[in-house]
Amino acid sequence: MPRLADPARRVRAATTLVLALFLMVALKLVAIQVTDAKAYAAKGLADRLHEVPLVAPRGSIVDRVGAVLATTVEARYVYADPVDVKNPDHTAEQLYQVLGVPKSELLPKLKRHVRADGIEQRFVYLARGIDIAKGDRVAALNLSGIGVRRDERRMVPGNDLAANLIGFTNQDLTGLDGLESSYNDLLHGEDGKRTFEVGQEAANLGHEIPGGYHEEQPARPGSSLQLTIDRDLQYEVQRILATRMAEVKAIFGCAVVLDVKTGEVLAQASYPVFNAADPFSSTATDRGDCATGKPVDPGSVHKAIVIGAALQEGVITADSAIPVTTTVRKGDTTYSDTHWHEKNKMTVPGILAYSSNVGTIAIADRLGAQKLYEYQRRFGLGASTMEGLPGEAAGLVQPPKNWSGSSAGSIPIGMGVSVTPLQMTAAYAAIANDGVWVRPHLVKATIAPDGRVTPATAPPTRQVLSAANARSLTTMLEAVTTVPDATGLSAAVPGYRVAGKTGTGKVVKDGRYASGEVASFVGLAPADAPRYAIGVFAYTPGGNGGAVAGPAFKDMMTFTLAHFLVPPTGTKPPKFRVYP
C-alpha cells in the first residue's frame with residue numbers, strides 16, 4: 001500500500017515558496033524605489049521632453065560704407081513631432097499642397113521613428129526659411145503634430161553683385177562658399193535650444209505642462225563682416241567686365257581694383273557670375289573667384305618685375321641702352337619680338353612700350369636667374385595672398401635649380417610662371433606705392449551684435465624696391481600708354497597719366513597649354529601720384545582678348561577716378577624715346 005503524502009510537509013514547502021516570491025517582489029520594489037528611482041524617473045521625463053532649436057541670427061556682410069551685400073530676414077520653419085502626427089499620409093498630402101515638398105520626402109519624417117540613441121524622435125524639420133505667409137498657411141491647417149516657428153533666411157539683395165566673393169549658405173545658414181564659408185564661425189553665431197515637458201494625456205498631448213520641466217539656452221547672434229569693397233564700384237566693374245567678355249565670347253575673366261596705399265580691395269569681379277540668392281541654379285565653375293582661383297601664365301605683364309629688379313640691383317638705369325637683336329635663342333627655343341626694330345639698341349621705356357621679348361631677356365641675363373627668382377617672391381608671386389577667400393591658389397615660380405634650358409628665355413617674359421591675377425595686380429600696386437608691397441585684403445572690420453566695430457589687423461608690408469626706383473619704373477611704364485604704336489594705347493584715360501603693361505599669356509590644362517590666350521592689362525593712375533591699381537585678365541579661345549583688356553581697364557579706371565573724386569594732376573607725361 002503506497003504511503004500518503006505528509007500534509008504538514010506540503011504546507012511548509014508551499015509556505016516557503018510563497019515567502020520566497022514575496023521576498024523577491026519586495027527586493028525588486030526596494031531596487032525600483034531606492035536604487036533605480038532616479039533612472040526610471042529620468043527615462044519617464046525624457047519621454048515627455050520636447051526640444052525646439054533657437055536659430056542664431058547670422059551676421060550680415062556689408063560694403064565699406066555699410067551697404068548690405070548679404071543679410072538675414074525673418075522667415076519660418078515647419079517641423080513635426082512624429083509621435084503626435086495622427087495620420088502621416090493625410091498630413092503629408094496637406095503639407096505638399098502648401099510647401100511643395102514631395103510626399104515621398106515628407107512621409108519618413110512624419111512616421112514615428114527613433115533617434116540614434118534609441119529615444120523616440122520628437123522633432124524633425126520639414127521645411128526651412130519659408131516665407132512668413134506660407135508658414136501662416138501651414139499653421140492654419142491645424143495639423144496634429146505639425147508646428148511653425150520663427151526662422152531666418154539669407155537674403156542677397158544684389159543677386160550677382162560680388163557673388164563670387166560673398167559665396168552662399170545652405171538652408172541651415174551654414175556658409176558653403178566664398179566669405180560666407182571662410183568666415184562662417186564669425187557670422188554664424190551659436191544656435192540655442194528650448195527644452196520643455198509636454199503632457200501625455202489626450203487633454204494636453206504635445207502641449208507644454210505649466211510648471212513642468214523647462215530649460216532655455218538662448219541663441220548667440222553672429223557678428224557682421226564689413227568689407228573693403230565699394231558696392232557702386234563693384235557693380236560698375238562687374239558690368240564693364242561682363243560686357244567686354246561677352247563681346248569676345250571669353251571663357252573666363254576677372255578684374256581687381258586695389259588701393260595702392262592700403263592694399264584694400266575696392267572691387268573684385270569675375271566672369272561668369274552667378275546669382276548668390278539662388279546659387280544651386282549655377283555650376284560650380286561659375287561660382288568660383290577668377291582673381292584668386294585661376295592661375296595663369298601672365299605673359300608680358302611680368303616684364304615690369306624683371307625691370308624693377310634690374311633697377312634695384314643696379315644692373316640697368318632709366319637711361320640704359322639695351323642691345324636688342326632680331327632674335328635670341330635660349331636652350332632649344334628661339335625668341336623674337338612682334339615689333340620691328342629700327343635700330344639694334346632700345347631704351348628701357350622703349351622695351352616696355354613695344355613689349356620687347358628680346359630686350360627683356362637681355363636685361364634678365366644681366367640680373368641673373370637667382371635674383372629674378374628672389375624678386376618674384378618679394379613681389380608676392382608663387383604664394384597665396386591670404387586675401388580672405390577659401391581655395392586661393394598659390395601659383396608657382398620655379399627656383400633656378402628647376403629651370404630648363406629655355407627657362408632663361410621664357411620666364412622673364414612671363415611664360416612658365418604661374419600667378420593669380422590678384423598677385424600680379426598687387427605687384428603693380430607695390431610699384432605704385434613707392435616700392436612697398438601691401439597684402440591685399442577684403443575685410444575692413446568686424447561688427448559685434450552690440451554694434452561694436454573692431455577694425456581688421458593691419459596687413460603685412462615689405463619694401464621690394466626703393467622709392468626712387470619704384471617711381472622711375474612707374475614713369476617708364478607710362479611709355480606703354482603714350483608712345484606711338486605702343487601696345488597699351490587703348491588703356492589711356494583722357495586727362496590722366498596712366499602707367500601700365502599689356503600681357504598675353506596662357507592657361508595650363510591637364511599639364512599642357514590650352515588653346516587661346518589670356519590677355520591682360522595691369523595699370524596705375526594717376527601715374528605721377530598713384531592712387532589705384534587695376535588688373536584686367538581675359539581668357540579667350542580665339543586669342544582676341546587683347547581687344548578687351550586695355551579698353552576694359554580704361555573704362556574701369558575712368559569710373560574709379562571719378563567715383564572717388566580724384567582730379568587730374570595737371571602734369572604731362574614725359575616724351576619717351578624708343579631708341580637712344
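Where is Pro526 found? In this predicted model, Pro526 sits in the loop between strand 24 and strand 25, and the peptide bond that joins Ala525 to Pro526 is cis, with omega at about -20°. The two strands on either side of that loop form a hairpin with six residues between them, and this hairpin is a convenient place from which to begin a walk through the structure.

Strand 24 covers residues 517–525, and nine of its nine residues are buried, so the strand is largely enclosed by the rest of the structure. Both of its faces are covered, since Glu517, Ala519, Phe521, Gly523 and Ala525 are buried on one side, while Val518, Ser520, Val522 and Leu524 are buried on the other. Ala525, which closes the list for one of these faces, is also the residue joined to Pro526 through the cis bond.

The pairing of strand 24 can be followed on both partners. With strand 25 (residues 532–540), strand 24 runs antiparallel and is joined by nine bridges, and within this pairing Leu524 stands opposite Ala533. With strand 21 (residues 499–505), strand 24 pairs in the antiparallel sense over seven bridges, and here Lys501 has Val522 as its bridge partner in strand 24.

These pairings belong to an open sheet of five strands, whose order is 12-11-25-24-21 and whose pairing is antiparallel. Strand 12 (265–271) and strand 21 stand at the edges with a single partner strand each, so one side of each is left without a neighbour in the sheet. Neighbouring strands of this sheet are turned against each other by 5° on average, with direction ignored. Helix 9 (residues 231–247) packs on the sheet and touches strand 11 (252–259), strand 12 and strand 25, and the direction of helix 9 makes about 30° with that of strand 12.

Returning to the loop of the hairpin, one also meets Ala527, which lies between strand 24 and strand 25. Is Ala527 buried or exposed? Its relative accessible area is 7%, and because buried means under 20%, Ala527 counts as buried. Leaving aside residues up to four places away in sequence, Ala527 touches Thr474, Glu478, Arg497, Val498 and Ala499. The C-alpha atom of Ala527 is separated by 6.9 Å from that of Thr475, although these two residues are 52 residues apart along the chain.

Another buried residue that reaches strand 24 is Val480, which lies in helix 19 (residues 479–482) and has a relative accessible area of 0%. When residues up to four places away in sequence are not counted, Val480 touches Leu352, Ala353, Ala486, Thr487, Gly488, Leu489, Gly500, Lys501, Thr502 and Phe521. Among these contacts, Leu352 is 128 residues away from Val480 in sequence, yet their C-alpha atoms are 6.2 Å apart in space. Lys501, also touched by Val480, is the bridge partner of Val522, and Phe521 is one of the buried residues of strand 24.

Some backbone features elsewhere in the chain deserve a look as well. A second cis peptide bond joins Tyr271 and Pro272, with omega at about 5°, and Pro272 has its place in the loop between strand 12 and helix 10 (284–287). Two residues other than glycine have a positive phi, and they contrast in their surroundings. Leu173, with phi of about 60°, is located in the loop between strand 6 (168–169) and strand 7 (175–177) and counts as buried at 4% relative accessibility. Lys249, with phi near 55°, is placed in the loop between helix 9 and strand 11 and is exposed, with a relative accessible area of 67%.

The last stop is a contact between two helices. The axes of helix 3 (residues 88–99) and helix 4 (residues 103–110) come within 9 Å and cross at roughly 135°, which makes helix 3 oblique to helix 4. The crossing of helix 3 and helix 4 is right-handed. On the side of helix 3, Pro88, Asp89, Thr91, Ala92, Glu93, Leu95 and Tyr96 take part, and they meet Lys103, Leu106, Leu107 and Leu110 of helix 4. The residues of this contact divide into seven nonpolar, one polar and three charged.

Key: Residues numbered from 1 in each chain as written. Predicted model: local features only at pLDDT ≥ 70, side-chain atom pairs only at ≥ 80, totals over all residues. Heavy atoms only, no water. Buried < 20%, exposed > 50% of the residue type's maximum accessible area, 1.4 Å probe, protein only. Helix = DSSP H or I, 4+ residues; strand = E, 2+ residues; numbered from the N terminus. Pairing = 2+ DSSP bridges. Axes fitted to C-alpha atoms, helices over the stretch in contact; angles between N-to-C directions. Parallel < 35°, antiparallel > 145°, perpendicular 65-115°, else oblique. Left-handed = near helix turned anticlockwise from the far one by under 90°. Contact = heavy atoms within 4.5 Å. Nonpolar A, V, L, I, M, F, W, Y, C, P; charged D, E, K, R; others polar.
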